[in-house]
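Please open the model in your viewer and keep the selection tool at hand. At each stop on this tour you will be told what to select next and what can be found there.

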Amino acid sequence: MSVHLVVTDADEASRRRWIDALSARLPGATIEGWGDGAVVGGADYAVGWKADAALFAANPALRAFLTTSAGVDALLANEALPRALPIVRIEDGGMGAQMAEYCLHEVIRLHRRFGDYERQQRDAQWTPLDVEPKTAWPIGVFGLGVIGTRIARTLAAAGFPVRGYSRSPKRIEGIECLDERHGLRAFLAGTRVLVVVAPLTAHTARLFDAQRLQWLARGAWLVNVARGGLVDETALLDALDSGRLAGATLDVVAREPLPPDHPFWHHRGVRITPHVSGITEIEVSAAQIAAKLAALERGERVGGLVDRSRGY
Ligand code: GLV
């Protein structure tokens, strides 16, 4: 395929890995890195997860932007992004399995009370604790895209009752699927672990505010693997301090990296990881991007085409 690609947005070593992985799958394509010295101009497609204004100025004939990230909020927030440029998201890219493991790890830690045992060990205390049946641990998965569905299925397969919420109606075997017709309150009621895995859009920004956090079961736990911007962090801290929520596992926060003086770091109810719940796997994703490019070149529809009015 004789297309011209500009690979943007990663550090130099990772840009190189993307270029190598894409070159192996797209023989005949010209693939250059943005930021590798000379300005790349005249490309047909851009590949990456964000871009600077100069890239769009130098490449006015881009036919699509193929993202290496599942979330496109950073790209859509870019004022230089041409209005009509199609954006095609990576769908999963190896992240789904990792994020499902991450969420299952956190849920099992809570259910089996491993956090309590960590505290006991610090006090040299040997006390077996009761474990409730899994049926007493309803889990809510907010967002049922490719990744959310994988997480929901994994938790359900482990024996937990799982309820999912999506904007439009979904049917997934073994998951109680709720949507806007039922409302968030019905979804959150009784939920003991809320997994947030939806895109950050105008619709979801700070959605989990003081009131909605209150709708969860008392002593619930929040696991955010999506974007920090979906949660009102002041309201979250208040809910943790008052004991309304027992804790939160935050792989993402509104400001990344989390500033050293942020109260989340040392809060006893908060567990922090540095945005690593699902890392894009370059080989898997390069194969997917190459397939999407070939389909675009043939004029076919591709999965993952972003609807700008929805923001995902
Ligand atoms: C990571 O956060 C992604 O959107 O892929």
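Select strand 6 (139-142) and strand 9 (193-196), which run parallel and are joined by four bridges. Here helices (H or I, at least four residues) and strands (E, at least two) are DSSP runs, numbered from the N terminus, and two strands pair if DSSP finds at least two bridges between them. Before going further, note that this is a predicted model, in which local features need pLDDT of at least 70 and side-chain atom pairs count only at pLDDT 80 or more, while totals for chains, interfaces and linings use all residues. Residues are numbered from 1 along each chain as its sequence is written, and side-chain values use heavy atoms, with hydrogens and water left out.

Within this pair, show Gly 140, which stands opposite Leu 194 in strand 9. Now add strand 10 (220-224), which pairs with strand 9 in the parallel sense over four bridges, and look for Val 195, whose bridge partner in strand 10 is Val 223. Which way do the side chains of strand 9 point? Val 193 and Val 195 point one way, Leu 194 and Val 196 point the other way, and all are buried, where buried means under 20% relative accessible area, exposed means over 50%, and partly exposed lies in between (1.4 Å probe, protein chains only).

Next, widen the selection to the whole sheet, which is open and has seven strands in the order 8-7-6-9-10-11-12, with parallel pairing. Strand 8 (176-179) and strand 12 (270-272) stand at the edges, and each has a single partner strand, so one side of each is left without a neighbour in the sheet. From one strand to the next, the twist averages 15°. At the strand 12 edge, select strand 11 (residues 245-250), which runs parallel to strand 12 and is joined to it by three bridges; Thr 249 has Arg 271 in strand 12 as its bridge partner.

Keep the sheet visible and add helix 4 (residues 95-111), which packs on the sheet and touches strand 6, strand 9, strand 10, strand 11 and strand 12, a contact meaning heavy atoms within 4.5 Å. The direction of helix 4 makes about 160° with that of strand 10, where axes are lines fitted to C-alpha atoms, for helices over the stretch in contact, and angles run from 0 to 180 degrees between N-to-C directions. Another helix to show is helix 6 (residues 146-157), which lies across strand 6, strand 7 (162-166) and strand 9 and runs at about 170° to strand 6.

Stay with helix 4 for a moment and select its ends. At 1.5 Å a residue, its 17 residues should span 24 Å, and its end C-alpha atoms are 24 Å apart, which agrees; the expected span is 1.5 Å times one less than the number of residues. Twelve of the 17 residues of helix 4 are buried, so this helix is largely enclosed by the rest of the structure; among them are Met 95, Tyr 102, Cys 103 and Leu 110.

Turn now to the loops, where some backbone angles deserve a look. Most residues other than glycine have a negative phi, and most peptide bonds are trans. Asp 92, in the loop between strand 5 (87-88) and helix 4, has a positive phi of about 85° although it is not a glycine, and Asp 92 counts as buried at 16% relative accessibility. Just after helix 4, select Arg 113, whose phi is positive, near 65°. Arg 206, in the loop between strand 9 and helix 8 (210-214), also has a positive phi, near 50°. Then go to Pro 257, in the loop between strand 11 and strand 12, where the peptide bond from Glu 256 to Pro 257 is cis, with omega near -5°.

For the last stop, select Asp 241, which is found in helix 9 (residues 233-241) and is exposed, with a relative accessible area of 56%. Show Gly 269 as well: 28 residues separate Asp 241 and Gly 269 along the chain, and their C-alpha atoms are separated by 8.6 Å.
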